[in-house]
Amino acid sequence: SERDATRLLDGTLPDVAQVAGLDARRPVLLGFSAGGQMALVLWAKDPARWGGLVLDAAYPIDMDAYRRAGPGPDSLLKLPEGDAKQRTPFFVLVGDADPGQMAWRGVEDAWRAAGVPLAVTYVAGGRHAWLFGPEQLKALSTWLGDVAAGALPGAPAPAAKPTTK
């Protein structure tokens, strides 16, 4: 539950922060399936708290709206207010044969337009499964290195500045 996850994070992160060399101020959450859904819930509640999200077979769905209305545009996760969402990069793996991939296709353009640093990979032939193979692990390693260096992989390119003559 969200309450249990918050309790764990509030109890565990202060302990982790005591380890020399670790920075626990903005941890990166990794979640598979329901764990990824929980990561999305926690991010939507407080996007400034997280250094990034790594999601595998998890979808941008508002589960309360989904329970009320079923699948469709009204059940897609709404972006949090404010600009903190623009400082939390996402590394997403979803199978292109997974029906849940339609949720990512439903929000991808709007989230990018809102400035969310979003890297979504549609794994060929993938279903609702663990999708990290050698290629995806290499991409994740690069992504994590970029995040650790303070970059926002997947961030929209800045608009070109007009040139003056």
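**Reading helix α4 and the core around it**

Modeller: Let's start with α4, where Q101, A103, W104, V107, E108 and W111 are buried. "Buried" is under 20% relative accessible area, "exposed" is over 50% and "partly exposed" lies in between (1.4 Å probe, protein chains only). This is a predicted model, so local features need pLDDT of at least 70 and side-chain atom pairs count only at pLDDT 80 or more, while totals for chains, interfaces and linings use all residues. Residues are numbered from 1 along each chain as its sequence is written, and side-chain values use heavy atoms, leaving out hydrogens and water.

Biologist: Which elements have the lowest and the highest mean pLDDT?

Modeller: pLDDT is the predictor's confidence in each residue, from 0 to 100. Where it is low, don't read the predicted coordinates in detail. Here the protein averages 90, and 95% of the residues score at least 70. Helix α1 (residues 2-16) has the lowest mean, 79, and strand β3 (residues 90-95) the highest, 98. Helices (H or I, at least four residues) and strands (E, at least two) are DSSP runs, numbered from the N terminus.

Biologist: What should the 13 residues of helix α4 span?

Modeller: Take 1.5 Å times one less than the number of residues. For residues 101-113 that gives 18 Å, and the end C-alpha atoms are 19 Å apart, which agrees.

Biologist: Where does α4 bend?

Modeller: A bend is the angle between axes fitted to the seven residues ending at a residue and the seven starting there. In α4 it comes to about 40 degrees at V107. After the helix comes G115, with a positive phi near 95 degrees.

Biologist: What covers the buried residues of α4?

Modeller: Look for contacts, meaning heavy atoms within 4.5 Å. The cover includes α2 (34-45), β2 (52-56), β3 and β4 (118-123).

Biologist: Which residues touch the most other members of the largest nonpolar core?

Modeller: In soluble globular proteins, nonpolar side chains tend to be buried together. A nonpolar core is a set of buried Ala, Val, Leu, Ile, Met, Phe, Trp, Tyr and Cys residues joined through side-chain atoms within 4.5 Å. The largest has 28 residues, and L53, L55, F90, W104 and W111 touch the most other members. At least two residues each come from α1, α2, β2, β3, α4 and β4. There's also a second, separate core of nine residues, including V54, F91, L131 and L140.

Biologist: Is Q37 buried or exposed?

Modeller: Q37 sits in helix α2 and is buried, with a relative accessible area of 14%. Leaving aside neighbours within four places in sequence, Q37 is in contact with A58, Y59, I61 and M63.
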